[in-house]
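Okay, thanks for coming, everyone. I'll walk you through one model today, with the sequence and the 3D view up on the screen, so please follow along.

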Amino acid sequence: MISLKRNAKKELVPATGKRTRSSSIYTPNQSEPYKISRSKFNDFLTCQRCFYFDRVKGVVSPSTPGWTLNETTDLLLKKEFDLCREQEIPHRICEQLNLNHIVPFKHEDMDKWRDALRHGLKINFKDTNIILSGGVDDIWINTKTNDLIVVDYKSQAKTNSVNTEEYLSDAYHDGYKIQMDFYSYLLNKMNVGHSVAPISYFYVCNADRNASSFNSKLDFEETLVPYEWNSDWIEGKVLDMIDLLNSKELPEANPSCENCAYVQQRKINEPSQLDLFK
């Protein structure tokens, strides 16, 4: 799609393709603290060249529309779980699965931990100037073990019911697992007084595509997909990312990166000024 730049009033404005906030741009070997979100870390894992252009060169990728239906599902689920959190009782999904010993974790910083833009889970990475952060959907607690459980809400619309093995083996869900590994790593390093349970959960809401009609509503099948998170790989990749941020050499593109392929084809096929007047 072709995206047009608009301001907060939804008025069309010139698109510069460059970031305007200096705090968003990293200067190689800077000493000032610099925040890397979970999504930017995922960008590094996806295509180092695009990541470098964004973080070091300040080149902005074209924007994409918001996922308003998914965001609405998340918002409503958070309201449900906050009611259970206040009463310290299990949510209906846990009751249905005989997980009555699991309840939403009650903590004064929960709203901050869920605020990806301004707060989120946050740590200073080792002895570097890099701050890692990520906004988690929810955290539950196992009242038997006192361990914390990282939870991520996911919305989708597929014909078949959710199957744990198929869900986790889906190549398009690899980013979900990275996301869960990252959140669990941050929470574990924050030392909030609890251990982090080895099993996290994707709360998957699957809209019924087999319904006979719309009837002004979508019916969702709700499923908990357990995932054994693993953060052993994260620190090595973060160190690689820091090396890249401090480098003055442009990294190679991911051969499968569509953004890089578009830029390359644009260069090849860009007409000269003379060609425009033929």
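**A pocket, some rings and some charges**

Let's start with the second largest pocket: helix 3 and strand 6, residues 148–156, each give at least two residues to its lining. Keep in mind that this is a predicted model.

So which element gives the largest share of that lining? That's helix 3, with four residues. The full lining, if you want to click through it, is Leu-69, Asn-70, Thr-72, Thr-73, Ser-155, Gln-156, Ala-157, Ala-207, Leu-218 and Phe-220. By class, you get five nonpolar residues, five polar ones and no charged ones. The space in the second largest pocket comes to about 200 Å³.

Let me zoom out for a second. The protein chain has ten helices and eight strands. Its C-alpha atoms fill a box of roughly 70 × 55 × 40 Å along the principal axes. Of the 278 residues in the chain, 38% are buried.

Now, the aromatics. How many aromatic pairs are there? The count is 15, taking ring centres within 6.5 Å as a pair. Take Phe-81 and Trp-140: their ring centres are 5.3 Å apart and their planes sit at 25°, so this pair is stacked. The cut-off for stacked is under 30 degrees. Where are these two? Phe-81 is in helix 3, residues 68–87, and Trp-140 is in strand 5, residues 138–142, so the pair ties together parts of the chain that are 59 residues apart in sequence. Buried or exposed, these two? Phe-81 and Trp-140 are both buried.

Next pair: Tyr-167 and Phe-202. Here the ring centres are 5.9 Å apart and the planes are at 50°, so we call this one tilted. Tyr-167 comes from helix 6, residues 164–169, and Phe-202 from strand 7, residues 199–207, so this pair ties together parts 35 residues apart in sequence. Tyr-167 and Phe-202 are both buried as well.

There's also an aromatic cluster, made up of Phe-41, Phe-44, Phe-51, Phe-182 and Trp-233. And one ring has a charge for company: the charged end of Lys-154 sits over the ring of Tyr-176, 3.9 Å from the ring centre.

That brings me to charges. As a reminder, side chains of opposite charge can pair when their charged atoms come close. Searching the whole structure turns up 20 salt bridges. I'll show three of them.

Lys-40 and Asp-43 go first. The closest N and O atoms of this salt bridge are 3.7 Å apart. Both residues lie in helix 1, residues 38–46, and they are three residues apart, about one turn of the helix. How exposed are the two partners? Lys-40 has 18% relative accessibility, so it counts as buried, the cut-off being under 20%. Asp-43, with a relative accessible area of 30%, is partly exposed.

Then there's Asp-137 with Lys-78, a salt bridge at 3.8 Å, N to O. This one links distant parts of the chain: Asp-137 is in the loop between strand 4, residues 130–134, and strand 5, while Lys-78 is in helix 3, 59 residues apart. Asp-137 is buried, with a relative accessible area of 10%.

And the third is Asp-174 with Lys-177, where the closest N and O atoms are 3.6 Å apart. Both are in helix 7, residues 174–190, again three residues apart, about one turn of the helix. Asp-174 comes out as partly exposed, at 37% relative accessibility.

Which residues do shared salt-bridge partners join into one network? Those are Arg-19, Lys-40, Asp-43, Asp-54 and Arg-55. So Lys-40 and Asp-43, from the helix 1 bridge, turn up in that network too.

One last residue before questions. Lys-79 is found in helix 3. With 49% relative accessibility, Lys-79 counts as partly exposed, because the cut-off for exposed is over 50%. And how far is Lys-79 from Tyr-185 in space, C-alpha to C-alpha? The answer is 26 Å, and in sequence they are 106 residues apart.

If you take one thing back to the bench, let it be helix 3: it supplies four residues to the lining of the second largest pocket, it holds Phe-81 of the stacked pair, and it carries Lys-78 of the bridge to Asp-137. Okay, over to you.

Conventions. Residues are numbered from 1 along each chain as its sequence is written. This is a predicted model: local features need pLDDT of at least 70, side-chain atom pairs count only at pLDDT 80 or more; totals for chains, interfaces and linings use all residues. Side-chain values use heavy atoms; hydrogens and water are left out. Rings of Phe, Tyr and Trp (its six-membered ring) pair if their centres lie within 6.5 Å; planes under 30 degrees apart count as stacked, over 60 as edge-to-face and the rest as tilted. Buried means under 20% relative accessible area, exposed over 50%, partly exposed in between (1.4 Å probe, protein chains only). A charge sits over a ring if NZ of Lys or CZ of Arg is within 6 Å of the ring centre and within 35 degrees of the ring normal. On a 1 Å grid over the protein atoms alone, a cavity is a set of points where a 1.4 Å probe fits but cannot get out, and a pocket is an open set with protein on both sides within 12 Å along at least five of seven lines; lining residues have an atom within 4 Å of a point. Grid points are joined across faces, edges and corners, and a volume is the space filled by probe spheres set on the points. Ala, Val, Leu, Ile, Met, Phe, Trp, Tyr, Cys and Pro count as nonpolar, Asp, Glu, Lys and Arg as charged, and the others, Gly among them, as polar. A salt bridge is a side-chain nitrogen of Lys or Arg within 4 Å of a carboxyl oxygen of Asp or Glu.
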